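User: I have a structure on my screen and want to know what the descriptive words rest on. Please take me through the reasoning.

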Amino acid sequence: MTRFFRLSGTLTLTAALWVGLLSPPLHAAELPPAAAKNPIVVYTRLAPAGAEDGPGRALLELIDGDRTLRVIVGLDFDMAPAHFLSEGDAATQAADLAEFQAAVLQRILGSNRTGAILRFRDIPFMTLEVNKSQLRKVLVDPGVTSVQEDTVAAPMLRDSTQTIRATQVWALKPELRGAGQAIAILDTGTNHATMLKDRIVAGACYSTNYPAYTAESLCAGGATSRTGKSAGSNCPTYIRGCDHGTHVATIAAGDDGSLRGVAREAGIIRIQVFTKFSHPAYCGSGSCVMAFTSNLIQALEHVYRLRNSYDIAAVNMSLGGGIYRSHCDASQPAMAAITNQLTSAGIAVVVASGNSGRDGYISWPACINNAIAVGCTTDNDNLAYFSNHSNLIDLLAPGYGIYAGVPSRSYGYKSGTSMAAPHVAGAFALLKSYDPNASVAELLTALDCTGEPITRAGVSRNRIDMRSAYQFLKKSETSCKKVEDYTLPEWVPRHRWF
């Protein structure tokens, strides 16, 4: 029976891949604010008077004349994850957060609130559009703990189910096909009449209108947020990159009777998180898609709020930007907070490692401590030349020349860590259909301790093997037997699990 195929011979780079590969090397001076780079972040507790110094000055210098800047603001407000609280206590905490946010907004903006304001509900952060004077107030406000640019991420473009032996698990135990589980795909939306027929269980759209960045919302009617199944529909395919999300979703959980994704019976929560950009620094000629960090956080909060409505095994984010050598929680505090919250609630956050081909580095948000960072392998079980690789990588999966669905009934080949990540998101759903109560840590251990070891630049990680991972869980094993497989001088857990 036909499964996903790999592309042999010369790899043809699509236009969307061109954007994903070319954007990171551009010099900062060539890019407008919010480009896909490491964000400037300021910790106001450490430097309460530092509005004009160090990172504070760097942020202020991004605002010229009458321009404004989108920033994500961390608040000095202690919160417990809502899934640890009673419904009443969770509602009280949310109301207290809203009151705290309102007080900070009053101090910073007063009655002049014409700019964009996003108040997050499950983590103590909000996004503001500020001018230079308002940014100075943010930097010294006693209720503010961190300030960072609202940077943007690009799509990570570049017979896989047989390679990872998902087909053998389906045959061993037919109920192990992801049924009852859902995967949230944060991407450009989805639309495939055959591979995703009757598979969409929920949807949403979070996008941005911001003329200063040539940014235009891709939600219906130009709205900046919508929910419902139809809200997560594919963005217009005449925009470069808008065929990305459907390809990713069909790898994770598609099934047309012939081509089949990893968790072939899992549901899909499709969330369109991208914004249309027209600036040549982002797109060259024409238009392309990029995703604001704040929209990603909105989408992740939405997934968190759906946790009691659906059994959500994983979130997939085949997107990113910047380059990091170590964990980036400090420079992405809001993203880290919601990732930790989802992980604690039993939902894996799976992220592509990036396509810059760098050894010792990965992109964000893959560099978040509790994210599952995924690198890309080829058809002969080597690391793809374009895949970032470091000891921050958790798992490897096929992602070279993957044949899967593209809008709306078509099929095509794509390569990249974008294609590797949904194999892992599907793997979490498949394994969770065997053990619905397994934690993220337990499922990661099963995948991390099995599979095919692949090494580059002295760092060895395993390409996932579903049959071996299933047997690992079935035998109730809890740890790797050969810790020497890790290349670090001393093995220590690479994650801090709640």
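Analyst: What follows is a set of questions on how features of this predicted model get their labels.

User: How do you know how far to trust the chain?

Analyst: Look at pLDDT, the predictor's confidence on a scale from 0 to 100. The protein chain averages 84, and 83% of the residues score at least 70. Two stretches fall below 50: residues 1–31 and residues 482–498. Beyond near neighbours in sequence, residues 1–31 have 77 contacts in the model, and residues 482–498 have 35. Where pLDDT is low, the predicted coordinates should not be read in detail.

User: Why is Tyr434 called partly exposed?

Analyst: Buried means under 20% relative accessible area and exposed means over 50%. Tyr434 has 28%, so it counts as partly exposed. Tyr434 is found in helix α11, residues 417–434. Its C-alpha atom is separated by 8.2 Å from that of Tyr470, 36 residues apart along the chain.

User: What makes Ala58 partly exposed?

Analyst: The relative accessibility of Ala58 is 27%. That value lies between the cut-offs of 20% and 50%, so Ala58 is partly exposed. Ala58 lies in helix α2, residues 54–60. Ala58 and Ile40 are 18 residues apart in sequence, and their C-alpha atoms are 7.3 Å apart in space.

User: How do you know that the length of helix α10 agrees with its number of residues?

Analyst: Helix α10 covers residues 333–344, which is 12 residues. The expected span is 1.5 Å times one less than the number of residues. That gives 16 Å, and the end C-alpha atoms are 16 Å apart, so the two agree.

User: What makes α10 mostly covered?

Analyst: Of its 12 residues, 10 are buried. Among them are Pro333, Met335, Ile338, Asn340 and Leu342. After α10 comes Gly346, with a positive phi near 90 degrees.

User: Why are β6 and β15 said to pair?

Analyst: Two strands pair if there are at least two bridges between them. Strand β6 (residues 152–155) and strand β15 (residues 319–324) have 2 bridges, so they meet the rule. Their sense is antiparallel. Pro155 has Leu319 of β15 as its bridge partner.

User: Which sheet holds them, and what are its edge strands?

Analyst: The open sheet has 6 strands in the order β9-β12-β13-β6-β15-β17, with antiparallel pairing. Its edge strands are β9 (215–217) and β17 (362–364), as each pairs on one side only. From one strand to the next, the twist averages 50 degrees. Helix α9 (residues 293–305) lies across β12, β13, β15 and β17, at about 65 degrees to β13.

User: What makes β1 and β3 edge strands?

Analyst: Each pairs on one side only. They belong to an open sheet of 5 strands, in the order β1-β5-β2-β4-β3, with antiparallel pairing. Here the twist averages 20 degrees from one strand to the next. Helix α3 (residues 87–109) packs on this sheet and touches β2, β3, β4 and β5. The direction of α3 makes about 20 degrees with that of β4.

User: How do you know that β2 and β5 pair?

Analyst: Strand β2 (residues 69–75) and strand β5 (residues 144–149) share 5 bridges. The rule asks for at least two, so they pair. The sense is antiparallel. Val71 stands opposite Glu149 in β5.

User: What joins β22 to β23, and how covered is β23?

Analyst: Strand β22 (residues 452–456) is joined to β23 by 5 bridges, and the two run antiparallel. Arg456 stands opposite Val459. The hairpin has 2 residues between the strands, and Ala457 takes a positive phi near 55 degrees. In β23 (residues 459–463), 5 of 5 residues are buried.

User: What makes a group of residues a nonpolar core?

Analyst: The members must be buried, of nonpolar type, and joined through side-chain atoms within 4.5 Å. The largest has 55 residues, and Leu186, Ile271, Val273, Val303 and Met317 touch the most other members. Helix α9 gives the largest share, 6 residues. Beyond its neighbours within four places in sequence, Leu186 has contacts including Ile271, Leu296, Val303 and Met317. Another core, of 51 residues, lies apart from it, and Ala314, Ala397, Ala421 and Leu430 are among its members.

Key:
Residues are numbered from 1 along each chain as its sequence is written. This is a predicted model: local features need pLDDT of at least 70, side-chain atom pairs count only at pLDDT 80 or more; totals for chains, interfaces and linings use all residues. Side-chain values use heavy atoms; hydrogens and water are left out. Helices (H or I, at least four residues) and strands (E, at least two) are DSSP runs, numbered from the N terminus. Axes are lines fitted to C-alpha atoms, for helices over the stretch in contact, and angles run from 0 to 180 degrees between N-to-C directions. Contact means heavy atoms within 4.5 Å. Buried means under 20% relative accessible area, exposed over 50%, partly exposed in between (1.4 Å probe, protein chains only).
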